[in-house]
Amino acid sequence: THDICPEMRQVTEEYTARDGRDRILVGEVFDHDPSNAAAYQNHQSEELHLAFNFDFLAQPWKASRFYNSIRKWYDAIGDQGWPNFTLSNHDRRRHYGRYRKPGCTVARARVAAAMLLSLRGTPFLYYGEEIGMNNLRIHHRELQDPLGIRMWPLWWYGRDPERTPMQWDSTPHAGFCEPAVRPWLRVHHNYVRKNVAAQQRDPKSLWHWYRSLISLRKSEQLLRSGEIEFVRKGNGNLLAYRRYLDGSEGSAGAKTGGSNGSGSILVVLNFGLRIFPKLPRDLAALLPPEGAELLLGTHAAPGTRIQAGHGIAPHEVLILRLE
C-alpha cells in the first residue's frame, strides 16, 4: 500500500492542477499504533494527506488518557505533518454512547465536542453526533453488516448499531426517507424527541453547542492553524492548552489582541465531577490582571470576563482570549 498511495496522490494532484480545486486523500489506516498511520503522511514520499488516528478514538473518558494519545500523535507525524482527530465513525460505537454516564452524558458530549474542535488539526465529525445520536441494538433478523451477521451472536462485532439513519425530524423514519419507504436500517426509537429540528428550536441543545464551536473555529485563525502548548496534561482530570501563532509565544498577557490570528486562546476542559473553587495557579497565571474574555463556555455567556478566582464546575468548558 505504501507503493500504491503515491500513484493515487499523483492522480489527485493531476485533477487539482487541471481546475485549481484542491483534492485530499484521507486514509483509514486501521492501526492503534499512531506511528504506522503517520507513516502514510510522509511528505517525502507524497502518500496520503491525512491518515485517521484510531488511537485517539479508542481512549476511555479520562483527560490524561486523551492527552497521552494526542501527544503520541503529534510526535508521530512530526512538525511537517498535519494531524486530524475523530471520536466516532461507521466502524466504531458512537462516542455519545461510549461515554454515557447517568446525569452526565450530554455534559460529556459538550466537553468532547470542544476538545475535538479546538485541538490543532482537522476535526472529523460523524453524522448525528451533533445531536447526540445513540447506538441502537439491532436484532439478528435486521442485521445488514456482513461482519455482524458472520459473528452473531457476538453482537458487539457488528457495526449496524452506529449506522442507523440520520434523525432529521419527528416524522416517520425521522425524515430520512418517505413514509412508504423502508430504510436500510431501523431508525432509533428516540427520534421523536431527539432530532435536528427539535434541537434547532432549543437554544441550549447540543446541536447549538456544535454550531457555536464550528462558528468560533471558522472565525478564529488561532483555532484553525495555530500552534498548541499544553498547560494541563490531564492532572485532576483537567485538560488545558493554549493555541497561538508563531511570534505570539511566551507567557500569556502579551499585548496582542485581535480576533483573527494574533494573541492566544486558552482552552480549559474539565472531564470530571470535581469542582475547582478557583482556577488552578498554572491557569490563573496566564490571565491578564483584568481577566480574559470568554469566547465560548458551557456555564457562562460569551463576553464574560473570567478572573483568576473563577471556579471551574464539573464538565465545564472555557475558551478564553488572552490579551
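**Exercise 1. The largest cavity**

Which residues line the largest cavity? Work through the lining, its volume and its classes; keep in mind that this is a predicted model.

*Solution.*
Step 1. Let's start with the space itself: rolling a probe the size of a water molecule over the atoms shows where empty space is left.
Step 2. Arg-93, Arg-137, Ile-138, Leu-143, Gly-148, Trp-152, Trp-155, Gly-158 and Pro-161 line the largest cavity.
Step 3. This cavity holds about 60 Å³ of space.
Step 4. Sorted by class, its lining has 5 nonpolar, 2 polar and 2 charged residues.
Step 5. Counting cavities of 30 Å³ or more in the model gives 3.

**Exercise 2. The largest pocket**

Find the residues that line the largest pocket, and say which helix gives the most to that lining.

*Solution.*
Step 1. The volume of the largest pocket is about 260 Å³.
Step 2. Its lining is made by Arg-93, Tyr-96, Gly-97, Arg-98, Arg-100, Thr-105, Asn-134, Asn-135, Leu-136, Arg-137, Trp-155 and Pro-161.
Step 3. Look for the helix: α5, residues 95-98, gives the most, with 3 residues.
Step 4. The classes come out as 4 nonpolar, 4 polar and 4 charged residues.
Step 5. Now go back to the cavity of Exercise 1. Arg-93, Arg-137, Trp-155 and Pro-161 are in the lining of both the pocket and the cavity.

**Exercise 3. A strand and its partners**

Is strand β10 mostly covered or mostly open, and which strands are joined to β10 by bridges?

*Solution.*
Step 1. Find β10 at residues 317-322; it is mostly covered, with 6 of its 6 residues buried.
Step 2. Follow the side chains: Val-317, Ile-319 and Arg-321 point one way, while Leu-318, Leu-320 and Leu-322 point the other way.
Step 3. On one partner, β7 (residues 264-270), there are 6 bridges to β10, and the two strands run antiparallel. In this pairing, Leu-269 has Val-317 as its bridge partner.
Step 4. Another partner is β8 (residues 292-297), which is antiparallel to β10 and joined to it by 4 bridges. Here Arg-321 of β10 stands opposite Glu-293.

**Exercise 4. Salt bridges across the sequence**

Take three of the salt bridges and find out where their partners lie and whether each is buried or partly exposed.

*Solution.*
Step 1. A useful idea first: side chains of opposite charge can pair when their charged atoms come close. The cut-off here is a nitrogen-to-oxygen distance within 4 Å, and the model has 16 salt bridges.
Step 2. Begin with Arg-9 and Glu-46, whose N and O atoms are 2.9 Å apart. Arg-9 belongs to helix α1 (residues 4-19) and Glu-46 to the loop between α2 and β2, so this pair ties together parts that are 37 residues apart in sequence. Arg-9 is buried at 9% relative accessible area, whereas Glu-46 is partly exposed at 31%.
Step 3. Next, Glu-162 pairs with Arg-93, with the closest N and O atoms 2.9 Å apart. Glu-162 sits in the loop between α7 and α8 and Arg-93 in the loop between β3 and α5, which puts them 69 residues apart. Buried means under 20% relative accessible area, so Glu-162 counts as buried at 0%, and Arg-93 counts as buried at 17%.
Step 4. Then take Glu-227 and Arg-120, whose salt bridge is 3.9 Å from N to O. Glu-227 is in strand β5 and Arg-120 in the loop between α6 and β4, 107 residues apart. Glu-227 is partly exposed at 27%, while Arg-120 is buried at 11%.
Step 5. Finally, look for a network: Asp-91, Asp-145, Arg-159 and Arg-163 are joined into one by salt bridges that share partners.

**Exercise 5. Two helices**

How many residues do α6 and α4 have, and how far do they reach from first C-alpha to last?

*Solution.*
Step 1. Helix α6 has 12 residues and reaches 16 Å, close to the 16 Å expected at 1.5 Å a residue.
Step 2. Since 10 of those 12 residues are buried, α6 is largely enclosed by the rest of the structure. Among the buried ones are Thr-105, Arg-108, Val-111 and Leu-116.
Step 3. Helix α4 (residues 63-77) has 15 residues and reaches 22 Å, close to the expected 21 Å.
Step 4. The buried residues of α4 include Phe-66, Tyr-67, Trp-73 and Tyr-74.
Step 5. Just after α4 comes Gly-78, with a positive phi near 75°.

Key: Residues numbered from 1 in each chain as written. Predicted model: local features only at pLDDT ≥ 70, side-chain atom pairs only at ≥ 80, totals over all residues. Heavy atoms only, no water. 1 Å grid on protein atoms, 1.4 Å probe; cavity = no way out; pocket = protein on both sides within 12 Å on 5 of 7 lines; lining within 4 Å. Points joined across faces, edges and corners; volume = space filled by probe spheres on them. Nonpolar A, V, L, I, M, F, W, Y, C, P; charged D, E, K, R; others polar. Buried < 20%, exposed > 50% of the residue type's maximum accessible area, 1.4 Å probe, protein only. Pairing = 2+ DSSP bridges. Salt bridge = Lys/Arg side-chain N within 4 Å of Asp/Glu carboxyl O. Expected span 1.5 Å × (residues − 1).
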